[in-house]
Amino acid sequence: MSGVMKRMGMIFRAKANKALDRAEDPRETLDYSYQKQLELLQKVRRGVADVATSRKRLELQLNQLQGQSTKLEDQGRKALALGREDLAREALSRRAALQQQVTDLETQHQTLQGEEEKLTLAAQRLQAKVDAFRTRKETIKATYTAAQAQTRIGEAFSGISEEMGDVGMAIQRAEDKTAQLQARAGAIDELLASGALDDQSGMATKDDIAAELDRISGGTDVELELQRMKAELAGGGSQQALESGQQNGSQQSQGQHKFDKQ
């Protein structure tokens, strides 16, 4: 049972593969692959844009923190000038905390900038590959279309295409039917002429008696012609032989008519 199932599965896969090969159009496959590459390129570009946005946000934060640091430094100087060392110490402590944040943000900024450069370079390379694939895709599609058209023209000329095969079969059937009708018509004419088949339409005027008379008359003509030729070969007695042949032929005709009357 397991062997039967494996065999059925193999047959099913073989037929499915054949159906897919017949349904597959390389041009559609190339267009689909190109579309997927464009989608991937779009994702990479969005990644570059996201990294650039994050970098820009860090730059704004750095500018803000640096501005606060400068302001605290100015406040410390003013406090010392006024004899308020305690205020100056507080301002400088806050500035030191801001400087630590600035240092962390600068580190993150450098990291994002490096990622942005990598993604930008990857996007450029991917764009070059997509452009090259598009050029090759169009070339392959044009070549495939030309080969397909050439194959169809060749099949049409050779008559092996499905459409031309149907036309050839139709012509062959028409010729066969025409030959069959011609043979049937010839056979019917022969049967009517021989009297084996009655003409029910009344078009034929000869019956069996008329056919027999025509046969006898034809035989008499043959006898007369034979006597004439013998007379010519005999020389001087040809005229008498011919007259004798005519009398014999006339007597045969009269005798045949008497027989028919009886």
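Q: In which helix does Y144 lie?
A: Y144 lies in helix 3, where a helix is a DSSP run of H or I of at least four residues and a strand a run of E of at least two, numbered from the N terminus. The model is predicted: local features need pLDDT of at least 70 and side-chain atom pairs pLDDT 80 or more, while totals for chains, interfaces and linings use all residues. Residues are numbered from 1 along each chain as its sequence is written, and side-chain values use heavy atoms, without hydrogens and water.

Q: Why is Y144 called partly exposed?
A: Its relative accessible area is 29%. Buried means under 20%, exposed over 50%, and partly exposed in between (1.4 Å probe, protein chains only). Y144 therefore falls in the middle class.

Q: What does Y144 touch, leaving out residues up to four places away in sequence?
A: Y144 touches D25, P26 and R27, contact being heavy atoms within 4.5 Å. Y144 and P26 are 118 residues apart in sequence, yet their C-alpha atoms are 8.1 Å apart.

Q: What makes K141 buried?
A: K141, also in helix 3, has a relative accessibility of 18%. That value is under the 20% limit, so K141 counts as buried although it is a lysine. Beyond its neighbours within four places in sequence, K141 is in contact with R27, L30 and D31.

Q: Is R134, another residue of helix 3, buried, partly exposed or exposed?
A: At 38% relative accessibility, R134 counts as partly exposed. The C-alpha atoms of R134 and S33 are separated by 9.8 Å, with their positions 101 residues apart along the chain.

Q: Why is the pair of Y34 and F133 called stacked?
A: Rings of Phe, Tyr and Trp (its six-membered ring) pair if their centres lie within 6.5 Å; planes under 30 degrees apart count as stacked, over 60 as edge-to-face and the rest as tilted. The structure holds one aromatic pair. For Y34 and F133 the centres are 6.4 Å apart and the planes differ by 15 degrees, so both conditions are met. The pair links distant parts of the chain, with Y34 in helix 2 and F133 in helix 3, 99 residues apart.

Q: What makes Y34 buried, and which charged residue sits over its ring?
A: The relative accessible area of Y34 is 14%, under the 20% limit, so Y34 is buried. The charged end of K137 sits 5.0 Å from the ring centre of Y34. The term requires NZ of Lys or CZ of Arg within 6 Å of the ring centre and within 35 degrees of the ring normal.

Q: How do you know that the length of helix 2 agrees with its residue count?
A: The expected span is 1.5 Å times one less than the number of residues. For the 56 residues of helix 2 this gives 82 Å, and the end C-alpha atoms are 83 Å apart, which agrees. G83 follows helix 2 and has a positive phi, near 80 degrees.

Q: Why is Q64, in helix 2 (residues 26–81), called exposed?
A: The relative accessible area of Q64 is 51%, over the 50% limit, so Q64 is exposed. The C-alpha atoms of Q64 and V102 are 9.5 Å apart, although 38 residues separate the two along the chain.

Q: What makes up the largest nonpolar core?
A: The core has seven residues: L58, L62, L65, L72, L98, V102 and L105. The term means buried Ala, Val, Leu, Ile, Met, Phe, Trp, Tyr and Cys residues joined through side-chain atoms within 4.5 Å. Helix 2 and helix 3 (85–158) each supply at least two residues of this core, and the largest share, four residues, comes from helix 2. Apart from residues up to four places away in sequence, L105 touches L58, Q61, L62 and L65.

Q: How many helices and strands does the protein have, and what share of its residues is buried?
A: The protein has six helices and zero strands. Of its 262 residues, 12% count as buried. Among contacts with a separation of 6 or more, 70% join residues 24 or more positions apart.
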